[in-house]
Amino acid sequence: MALSPNDIPKMFGDVPPFMAVEHQPSLAGETADAVVVGMPYDGIATFRGGATRRAPQEIRKFSLLFGSYHFDWDMHALDHVRVLDCGDVDVVPGDTPESYRRLETRIGEIQGAGARSMMMGGDHGVTYPAVKAVAEHVGGPLGFLLFDTHLDLCESFNEDRLTRASPVMRICELPQVDPKHIAIIGPKGPRNLPEWTPLYKELGITVYSDRTVQKRGIEAVVEEALEIASPQGRPPYVSVDIDVIDPAYAPGTNSIEPGGFTSREIINGVRLACENGFAGFDVVEVSPDFDSNSGTTSTLAARLMVEAVCCLAARKAGCVRSWDAT
Ligand SMILES: [Mn+2]
């Protein structure tokens, strides 16, 4: 008997779990250190399109390259932390507010399990509802540490206030997030809007340009940014827009921008950004349709997720920065 379309596995819901950890769609009664969630949603693409909605399934696929033992850390990461994959948010294509509402509900469930959310976008718009849900759970001041080529400070785009060009502006409006505890690492180039430069200064956001990273090195910059984004010593929400990395290393994204970080720099950057833990973590803007045939960008995104897991594990295992000794 043929399956009806309602019975076949969902393209954006039923996929191999990240790193083959336990797939646990229902988080009721569960406790975990981190829960991976896919947010296969993209709204308007302001340049060349490209389906970031396919990113979660591709990142999961390439995450299967990676095992629990990590040479750099000399640690079996999954021996120290319980990580679940709750699958993808059941998004409503074309309905941004409803899709974001569903994501917020999911992040709330993850927080209810005592876990940190580790989200695979989706375009960068999805970071706003994720940070909002985390901030509401945390209650107190929350910092935000972002790796991005762009400042993403649009008030709106075509009257839409929830686009991929606006997440930082929306996050600045959250009552729990003081822009003075927002640090953005990596902005560069001629695709940032002129009004964003005076605006970030007026808001009190700290920006470390790509040039600053070149001069000072990624490690010194992230260490300083982490202090800014850690009010009262609380770990920040950490977001990685994959377009901060040079397209030579990460071609699979919409707004490619020549120049930028190497894979090694962003790996070290994420390790340092997450070394005190994190309130939430995401990797966004991966667009598998523009990736190389080898899955370079999706693999790097998966690797950054693994590094964030290792940061949580290393704190429990007592080997923070063991990667610096190998
Ligand atoms: Mn960007």
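How do the axes of helix H7 (residues 218-228) and helix H8 (residues 263-273) cross, and within what distance do they come? They come within 9 Å and cross at roughly 30°. Before the rest, note that this is a predicted model, where local features need pLDDT of at least 70, side-chain atom pairs count only at pLDDT 80 or more, and totals for chains, interfaces and linings use all residues. Residues are numbered from 1 along each chain as its sequence is written.

**The chain overall**

- The protein chain has nine helices and 11 strands; these are DSSP runs numbered from the N terminus, helices being H or I with at least four residues and strands E with at least two.
- Its radius of gyration is 18 Å, which agrees with the value near 20 Å for a compact globule of 326 residues (taken over C-alpha atoms; the rule is 2.2 Å times the number of residues to the power 0.38).
- Along the principal axes, the C-alpha atoms fill a box of roughly 60 × 50 × 40 Å.
- Buried residues account for 54% of the 326 (buried means 20 or more other C-beta atoms within 10 Å of a residue's own, exposed 12 or fewer, partly exposed in between, with C-beta atoms placed from the backbone).
- Take the contacts between residues at least 6 apart in sequence: 80% of them join residues at least 24 apart (a contact is two C-beta atoms, placed from the backbone, within 7 Å).

**H7 against H8**

- H7 and H8 are roughly parallel to each other (angles under 35 degrees count as such, over 145 as roughly antiparallel, 65 to 115 as roughly perpendicular and the rest as oblique).
- Their crossing is right-handed (the near helix is turned clockwise from the far one by less than a right angle; anticlockwise would be left-handed).
- Ile218, Glu219, Val222, Glu223 and Leu226 in H7 meet Glu265, Asn268, Gly269, Leu272 and Ala273 in H8.
- That contact splits into five nonpolar, two polar and three charged residues.

**H8 against H9**

- H8 also packs with helix H9 (residues 296-317), at about 30° and with axes 9 Å apart.
- H8 and H9 are therefore roughly parallel too, and the crossing is right-handed.
- On the H8 side are Ser263, Ile266, Ile267, Val270 and Arg271, which meet Leu300, Arg303, Leu304, Glu307, Ala308 and Cys311 in H9.
- By class, this contact has seven nonpolar, one polar and three charged residues.

**Glutamate 104**

- Glutamate 104 sits in helix H2 (residues 96-112) and is partly exposed, with 18 other C-beta atoms within 10 Å.
- Leaving out residues up to four places away in sequence, glutamate 104 touches Pro129, Lys132 and Ala133.

Methods. Axes are lines fitted to C-alpha atoms, for helices over the stretch in contact, and angles run from 0 to 180 degrees between N-to-C directions. Ala, Val, Leu, Ile, Met, Phe, Trp, Tyr, Cys and Pro count as nonpolar, Asp, Glu, Lys and Arg as charged, and the others, Gly among them, as polar.
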